[in-house]
Amino acid sequence: MNESKSNSQLAKLVADLEEDTVLELVQQRLNAGDDPLQIIDECNQGMRDVGQRYEQGEYFVAGLIMSGEIFREVVELVQPLIEQKSEGNASGRVLVGTVSGDIHDIGKNMFGMLLSCHGFEVLDLGVDVPPDVFAAKAVEIKPDIVGLSGLITASFETMKETVTALRDQAKEHQLSFPIIIGGGMIDDQVNQYVGADYWMTDAMAGVRLCEELLGKQ
Ligand code: B12
């Protein structure tokens with residue numbers, strides 16, 4: 001199979017919301033032994049395209065919903081293979097959630113799933129999590145790392161509030177944990193505004209960072 005052609009083919013099918021064909025192609029590629037993370041990456045490219053088409057008025061919210069559904073189904077297909085390939089012993093606790101005002105959870109779920117596959121204990125607070133809930137949970141479970149997800153511009157403000165709440169509580173209760181923020185629109189400038197310790201736009205890179213932070217490699 002021509003790698004670069006198939007790369008763009010899968011991304012294009014996702015962008016065109018061709019649910020059945022996407023799932024067939026993903027299954028075929030898994031059967032052929034393709035890397036599940038590469039498949040996810042290509043679908044992610046398609047999702048970015050969906051976002052652009054939405055911005056340009058070509059798709060409406062129904063298109064976003066449909067793309068989310070397709071991605072969820074793709075994850076269902078690849079997850080067992082990722083789990084099979086996974087390595088690692090549980091030795092770190094990570095608190096994750098999508099910040100207040102934001103209900104996007106596909107990327108956050110993927111980060112959580114990959115963390116679990118690599119031996120981390122994951123506590124997922126879900127979506128639209130208020131800063132004080134995040135902070136209270138951190139005090140309760142004393143995580144090694146906290147990961148915040150946010151996909152919309154409005155999340156940057158609530159991420160900042162969440163980082164402040166987490167740090168305040170950490171100081172009061174003498175806790176220490178690095179905070180990682182993630183999401184498709186995060187960059188260095190956003191991170192400087194939010195004040196987190198690290199930022200990531202890739203779930204697997206986030207897992208590697210967590211491993212490094214815990215000195216596992
Ligand atoms: C699917 C989708 C939806 C679905 C979400 C379904 C779900 N269960 O999550 C639904 C329909 C609910 C939705 C709703 C809305 N959406 Co929407 N949505 C998308 C879309 C097309 C794909 C997002 C996605 O899941 N991508 C795939 C995942 C895997 O990527 P990801 O989340 O970025 O995650 C990766 C990394 O970022 C990273 N990661 C993510 N989190 C974390 C956290 C940590 C700690 C780490 C380490 C890594 C990490 O790991 C992942 C894999 O590597 C994006 C387009 C885009 N470019 O992202 C728009 C997009 C995010 N949505 C957008 C908008 C505008 C909306 C709505 C406001 C629409 C509306 N009018 O109602 C609402 C917002 C509701 C709200 N309050 O949150 C805009 C945001 C624009 C902006 N500047 O704010 C986007 C960018 C589309 C666009 N280009 O206009 N949406």
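## A walk around two pockets and a sheet

Let's start with the largest pocket in this predicted model, which has a volume of about 1600 Å³. It is lined by 45 residues, and the closest to its centre are Asn44, His104, Gly107, Leu151 and Gly184. So much for the middle; now for the walls. Helices H3 (36–55), H4 (61–85), H5 (106–117) and H9 (203–213) each supply at least two lining residues, and strands E3 (145–149) and E4 (179–182) do too. H3 hands over the largest share, with 11 residues. As for chemistry, the lining of the largest pocket splits into 24 nonpolar, 15 polar and six charged residues.

Next comes the second largest pocket, with a volume of about 160 Å³. Its lining is made of Gly68, Glu69, Phe71, Arg72, Val75, Glu76, Asp105, Ile106, Asn109, Met110 and Met113. Two elements, H4 and H5, give two or more residues to this lining, and H4 gives the most, with six. Sorted by type, the lining of the second largest pocket has five nonpolar, two polar and four charged residues.

Now turn to the sheet. Five strands pair in parallel to form an open sheet, and if you read across it the order is E2-E1-E3-E4-E5. Strands E2 (121–124) and E5 (198–200) sit at the edges; each has a single partner strand, so one side of each has no neighbour in the sheet. On average, neighbouring strands here are turned by 25 degrees against each other, direction ignored.

Zoom in on E3 and E4, which we already met in the wall of the largest pocket. These two run parallel and are joined by four bridges. To find one pairing by eye, look for Val146, whose bridge partner in E4 is Ile179. Helix H7 (residues 154–172) packs on the sheet and touches both E3 and E4, with its direction at about 160 degrees to that of E3. H9 also packs on the sheet, touching E3, E4 and E5, and its direction makes about 150 degrees with that of E5. H9 is thus a helix to look at twice, as it also supplies at least two residues to the lining of the largest pocket.

One last stop is Asn191, which you'll find in helix H8 (residues 188–194). Is Asn191 buried or exposed? Its relative accessibility is 9%, so Asn191 counts as buried, the cut-off being under 20%. Setting aside neighbours within four places in sequence, Asn191 is in contact with Ile181, Ala196, Asp197, Tyr198 and Trp199.

Terms used. Residues numbered from 1 in each chain as written. Predicted model: local features only at pLDDT ≥ 70, side-chain atom pairs only at ≥ 80, totals over all residues. Heavy atoms only, no water. 1 Å grid on protein atoms, 1.4 Å probe; cavity = no way out; pocket = protein on both sides within 12 Å on 5 of 7 lines; lining within 4 Å. Points joined across faces, edges and corners; volume = space filled by probe spheres on them. Nonpolar A, V, L, I, M, F, W, Y, C, P; charged D, E, K, R; others polar. Buried < 20%, exposed > 50% of the residue type's maximum accessible area, 1.4 Å probe, protein only. Contact = heavy atoms within 4.5 Å. Pairing = 2+ DSSP bridges. Axes fitted to C-alpha atoms, helices over the stretch in contact; angles between N-to-C directions.
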